[in-house]
Amino acid sequence: MLKHLGTNRSLDDWARFAGMSKRSLLRNFQRETGMTIGQWFQHLRMFVALEKLSRGSSVTQTALAVGFRSVSAFIKVFKNVVGATPLAYSRAQQI
């Protein structure tokens with residue numbers, strides 16, 4: 001999933017890739033990780049975003065790199081997960 005972060009594969013695509021039904025993927029994933037695949041994927045995207053922003057990538061470059069189609073959607077999710085906007089986070093890393 002990390003290698004395909006910038007793509008927007010569907011759950012059906014991921015299930016096919018894993019060789020199981022969509023329902024089996026969802027059930028097994030939650031049992032193994034303790035979270036839904038959507039929650040886990042969102043955390044993965046934010047983890048990669050934090051790394052990119054820390055290395056000086058722009059908010060726009062980061063949003064697109066982690067699979068968001070709009071910068072405003074990325075900012076909203078980032079703020080909800082991290083507690084600060086991507087720009088505020090980037091500035092704090094430069095201190």
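This passage looks at the aromatic rings of a predicted model and at how they pair up.

Pairs of aromatic rings are described here by two things, the distance of the centres and the angle of the planes. Going by ring centres within 6.5 Å, the model comes out with five aromatic pairs. One of them brings F29 and W40 together, with 5.4 Å from centre to centre and 75° between the planes. That angle is over the 60 degrees needed, so the pair goes down as edge-to-face. F29 belongs to helix 2 (residues 22-33) and W40 to helix 3 (residues 37-54), so this contact ties together parts that are 11 residues apart in sequence. As for how much of each residue shows at the surface, F29 is buried, at a relative accessible area of 15%, while W40 is partly exposed, at 28%.

F68 and F74 make another edge-to-face pair: the ring centres are 5.4 Å apart and the planes meet at 65°. Both partners are tucked away under the 20% cut-off for buried residues, with F68 at 11% relative accessible area and F74 at 0%.

The story around F68 and F74 doesn't stop at a pair, since F78 and Y89 join these two rings in one aromatic cluster. F68 also has a charged neighbour: the charged end of R45 sits over the F68 ring, 4.1 Å from the ring centre. F68 thus turns up in an edge-to-face pair with F74, in the four-residue cluster and under the charge of R45.

Methods
Residues numbered from 1 in each chain as written. Predicted model: local features only at pLDDT ≥ 70, side-chain atom pairs only at ≥ 80, totals over all residues. Heavy atoms only, no water. Phe/Tyr/Trp six-rings, centres within 6.5 Å; stacked < 30°, edge-to-face > 60°. Helix = DSSP H or I, 4+ residues; strand = E, 2+ residues; numbered from the N terminus. Buried < 20%, exposed > 50% of the residue type's maximum accessible area, 1.4 Å probe, protein only. Lys NZ or Arg CZ within 6 Å of the ring centre and 35° of its normal.
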